[in-house]
Amino acid sequence: GELDDAAMQSLVAFISRANEVGMNPIYDLLNHHNGKRNAKLSTMEEGVQLLVVGGPVEKGQELLLSYGVKTASTMYRDYSFVEDWPTCWNFKDRTSGDNFAF
């Protein structure tokens, strides 16, 4: 059936914060940036470990991770934002079923 607002918000929260070991609220502490990523979450049996990648982090420097390379519509649906240029847009024609990406 159709989801009510609370169920939809719960589903989106789960999709944007879950991985193989379950919910990871640490995702709320880190922002996304594909070009400036300096952190990575590593999944282990015991849970999740935060790793710094690409060199030392300066005092006060923001930790950024990548949510993965996704289309703008997917980023908006799952995380409620669209990345800065360049972005990838993908649309499906309902009549023909053709995919259009630009």
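L3, M8, L11, F14 and I15 together make a nonpolar surface patch of about 440 Å². Keep in mind as you look around that this is a predicted model. The protein chain has two helices and eight strands, and buried residues account for 18% of its 102 residues. Below is a short tour, starting from the patch and moving on to a histidine and a helix.

**The patch and helix α1**
- One of the patch residues, M8, sits in helix α1, which spans residues 5-17.
- M8 has a relative accessible area of 41%, so it counts as partly exposed, a class that runs between 20% and 50%.

**H32 and its surroundings**
- H32 belongs to strand β3, made of residues 31-32.
- The relative accessibility of H32 is 11%, and because buried means under 20%, this residue counts as buried.
- The side chain of H32 has two polar partners to look at: one of its polar atoms lies 2.8 Å from the backbone nitrogen of Y67, and a polar contact of 2.9 Å links it to the side chain of E83.
- Apart from neighbours within four places in sequence, H32 is in contact with L65, S66, Y67, G68, M75, F81 and E83.
- Y67 and E83 thus appear both in that contact list and as polar partners of H32, Y67 through its backbone nitrogen and E83 through its side chain.

**Helix α2, one side in and one side out**
- Helix α2 covers residues 72-79, and its buried residues are A72, T74, M75, D78 and Y79.
- These residues lie on the same side of α2, because they cover an arc of only 160° around the axis.
- Exposed residues Y76 and R77 are carried on the face of α2 turned away from that buried side.
- M75 ties this helix to the histidine described above: M75 is buried in α2 and is among the residues in contact with H32.
- Just after α2 comes S80, which has a positive phi, near 65°.

**The chain as a whole**
- Reading from the N terminus, the elements follow the order α-β-β-β-β-β-β-α-β-β.
- Of the contacts between residues at least 6 apart in sequence, 39% join residues at least 24 apart.
- The chain exposes about 7800 Å², with 53% of that supplied by carbon and sulfur atoms.

Key:
Residues numbered from 1 in each chain as written. Predicted model: local features only at pLDDT ≥ 70, side-chain atom pairs only at ≥ 80, totals over all residues. Heavy atoms only, no water. Helix = DSSP H or I, 4+ residues; strand = E, 2+ residues; numbered from the N terminus. Buried < 20%, exposed > 50% of the residue type's maximum accessible area, 1.4 Å probe, protein only. Polar contact = N/O pair within 3.5 Å; in protein donor to acceptor, adjacent residues only side chain to side chain. Contact = heavy atoms within 4.5 Å. Arc of directions from axis to C-beta. Patch = residues over 30% accessible without salt bridge, like charges linked within 9 Å, V, L, I, M, F, W, Y side chains within 5 Å. Areas by Shrake-Rupley, 256 points an atom, 1.4 Å probe, with all protein chains shown as cover. Salt bridge = Lys/Arg side-chain N within 4 Å of Asp/Glu carboxyl O.
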